[in-house]
Amino acid sequence: MSDLSVELTAPNGKKYTQPTGLFINNEWVASSKGNKITSINPTDESEIASVHAAEPEDVDKAVEAARAAFKGPWRDMPSTERGDLMYKLSQLVEENKEVLATIETWDNGKPYAVALAEDLAEVSGCLKYYAGYADKIHGQVIDTSPAKLAYTIREPVGVCGQIIPWNYPLGMAAWKLGPALACGNTVVMKAAEQTPLSILFFANLIKEAGFPPGVVNILNGHGRIAGAAIAQHPGIDKVAFTGSTATGKEIMKMASATMKNITLETGGKSPLLVFDDADLDQAVKWAHIGIMSNMGQICTATSRILVQEGIYDKFVDEFKKQVKETSKIGDPFSDETFQGPQVTKAQYDRVLSYIEAGKSEGAELAMGGEAYKNVGAGKGFFVSPTVFINVKSTMRVFREEVFGPFVVIVSFKDEEEALEKANDTTYGLGSAVFTKDIVKAHRLARKIEAGMVWINSSQDSDFRIPFGGVKQSGIGRELGEAGLEAYTNKKSVHVNLGTWL
Ligand code: NAI
Ligand code: MG
């Protein structure tokens with residue numbers, strides 16, 4: 001065990017034991033080749049710890065454990081007991097939220113106050129919500145004729161591979177574990193290599209809650225190695241993925257060999273529409289949150305702001321003012337900080353490259369547009385919040401997901417043009433409409449090609465409400481009752497009560 005954990009002290013002084021192994025069958029084990037992933041603190045570029053990286057052989061072991069648990073204790077456990085374990089897990093998350101939020105901030109760079117109040121509340125809340133569903137998932141009796149009794153059973157899908165991203169490491173784990181476990185599946189989860197730490201601390205809570213060995217197995221590992229092994233594994237019945245659209249497409253291809261059930265939650269370039277008749281102050285504040293929170297690293301970020309001509313200039317001025325006043329860049333452990341660093345050097349470089357793309361394509365830089373070097377000793381992956389105006393729909397900055405504190409503000413003439421620009425994208429995840437005209441708001445809600453519409457807000461996600469995309473933003477839904485559908489199969493049983501031959 002000694003080399004499978006390390007004692008750490010976080011920048012906020014919090015001391016804790018960081019597991020570093022692979023969590024298989026409720027035990028910590030080393031990876032078969034001993035390869036490691038080193039986790040970096042994006043605030044000062046220092047190394048935090050190295051963790052074991054799974055190889056395909058390790059995925060095999062995790063799948064074997066998950067299969068044995070599925071066939072054994074888990075599948076036959078009374079559903080209310082399953083719910084009790086999930087409820088216990090949600091309580092343990094609540095009890096350990098400070099250390100979990102600390103790890104999240106250290107490894108990911110998100111402000112600690114947000115990690116604690118939002119991410120961790122989401123994790124315990126989501127697990128609790130689905131704990132309540134565990135004993136309320138049932139089939140139907142379907143009337144046909146007196147000669148037949150027909151009913152359906154909602155069975156778990158089996159062993160689920162879950163591949164999660166780095167922007168909300170624990171949040172995305174909870175979104176995927178909640179419905180999978182409530183429905184009686186077992187899980188092999190792979191965390192993102194950029195943020196491998198918090199999920200390992202969470203793994204200990206799974207064991208502490210009393211889940212039987214093998215029900216939840218947690219691996220770190222590289223996408224192209226461990227992730228690909230999961231997506232292709234013949235022993236895995238379903239793959240659930242959150243991440244980029246490009247990787248989602250690869251996963252679909254890999255999963256096709258064994259025709260796995262899939263759910264994908266991928267990229268976005270979500271529009272936020274502001275009409276002349278909107279409450280401008282509210283529109284500005286929500287638009288700011290909609291793109292600048294979590295350092296712009298949100299799949300549903302409203303990264304294209306479309307503003308009606310009559311208020312365009314005023315909106316741009318007010319938006320810039322709001323960014324200056326609110327987007328305080330700094331150490332994510334400081335209470336003053338709104339914006340921490342981008343998660344990795346790769347993401348930082350990516351945002352900077354889109355700044356160059358915007359300039360070279362002729363968009364007008366209204367603010368930001370550079371790396372920010374005034375935190376601590378000048379290290380870290382900080383980017384000034386960036387606003388481009390006079391952007392054309394053909395430009396890459398209008399079309400491609402940047403995933404940073406980076407927004408384009410475009411004008412439109414009327415409702416028709418607003419809708420045309422909003423839908424002029426291969427994505428369809430979030431969308432927002434600001435107007436005081438309720439008829440117009442609901443009319444647009446129907447016509448926007450997106451999985452979610454916020455009327456007079458942005459990023460108002462809720463674990464009780466379905467979440468997901470259309471077009472190239474994904475397949476299937478997470479959260480809410482709808483989230484259960486991806487984790488059960490309906491079996492139909494026909495009982496002959498009188499058709500005698
Ligand atoms: P990614 O989609 O490559 O990574 C997400 C997860 O997929 C990670 O766990 C990774 O290990 C895994 N993965 C990568 N390649 C895989 C493969 N071939 N087979 C199986 N699993 C694989 O995203 P990345 O490279 O971290 O970020 C690139 C861009 O993706 C971001 O700039 C952003 O635009 C988008 N993204 C979107 C997210 C969302 O919430 N929808 C989250 C993270 C990234
Ligand atoms: Mg990191």
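A polar side-chain atom of Arg350 lies 3.0 Å from an oxygen atom of ligand 1. That makes a good entry point to this predicted model. Two further contacts come from the backbone. A polar backbone atom of Thr266 is 3.0 Å from a nitrogen atom of ligand 1. Gly243 also offers a polar backbone atom, at 3.2 Å from a nitrogen atom of the ligand. On its own, ligand 1 has 810 Å² of accessible area, and the protein covers 91% of it.

Now step back to the surroundings. Ligand 1 sits in the largest pocket. Its shell counts 28 residues. Trp166, Lys190, Glu193, Ser244 and Glu401 are the closest. Several elements build this shell. Helices α7 (223-232), α8 (245-256) and α11 (345-360), along with strand β12 (238-242), each supply at least two residues. Helix α8 gives the most, with four residues.

Next, the metal. Ligand 2 is a magnesium ion. Which residues coordinate the magnesium ion? Ile40 does so through O, and Asp107 through both O and OD, at 2.4 Å. Ile40 lies in strand β5 (residues 36-40) and Asp107 in helix α3 (residues 97-108), so the pair ties together parts that are 67 residues apart in sequence.

Are these two residues buried or exposed? Asp107 has 2% relative accessibility and counts as buried, because the cut-off for buried is under 20%. Ile40 has a relative accessible area of 30%, so this residue is partly exposed. The magnesium ion is thus coordinated by Asp107 and Ile40, one buried and one partly exposed.

Technical notes. Residues are numbered from 1 along each chain as its sequence is written. Chains are lettered from A and ligands numbered from 1 in the order in which they are written. This is a predicted model: local features need pLDDT of at least 70, side-chain atom pairs count only at pLDDT 80 or more; totals for chains, interfaces and linings use all residues. Side-chain values use heavy atoms; hydrogens and water are left out. Donors are N, O and S atoms within 2.8 Å of the metal (3.2 Å for Na, K and Ca); water is not among the atoms, so sites may look incomplete. Buried means under 20% relative accessible area, exposed over 50%, partly exposed in between (1.4 Å probe, protein chains only). A residue is near a molecule or strand if one of its heavy atoms lies within 4 Å of it. A polar contact is a pair of N or O atoms within 3.5 Å; within protein, one must be able to donate a hydrogen and the other to accept it, and residues adjacent in sequence count only if both atoms are side-chain atoms. Accessible areas come from the Shrake-Rupley method with a 1.4 Å probe; for residues, only the protein chains shown count as cover. On a 1 Å grid over the protein atoms alone, a cavity is a set of points where a 1.4 Å probe fits but cannot get out, and a pocket is an open set with protein on both sides within 12 Å along at least five of seven lines; lining residues have an atom within 4 Å of a point. A molecule sits in a cavity or pocket if more than half of its atoms lie within 2 Å of its grid points.
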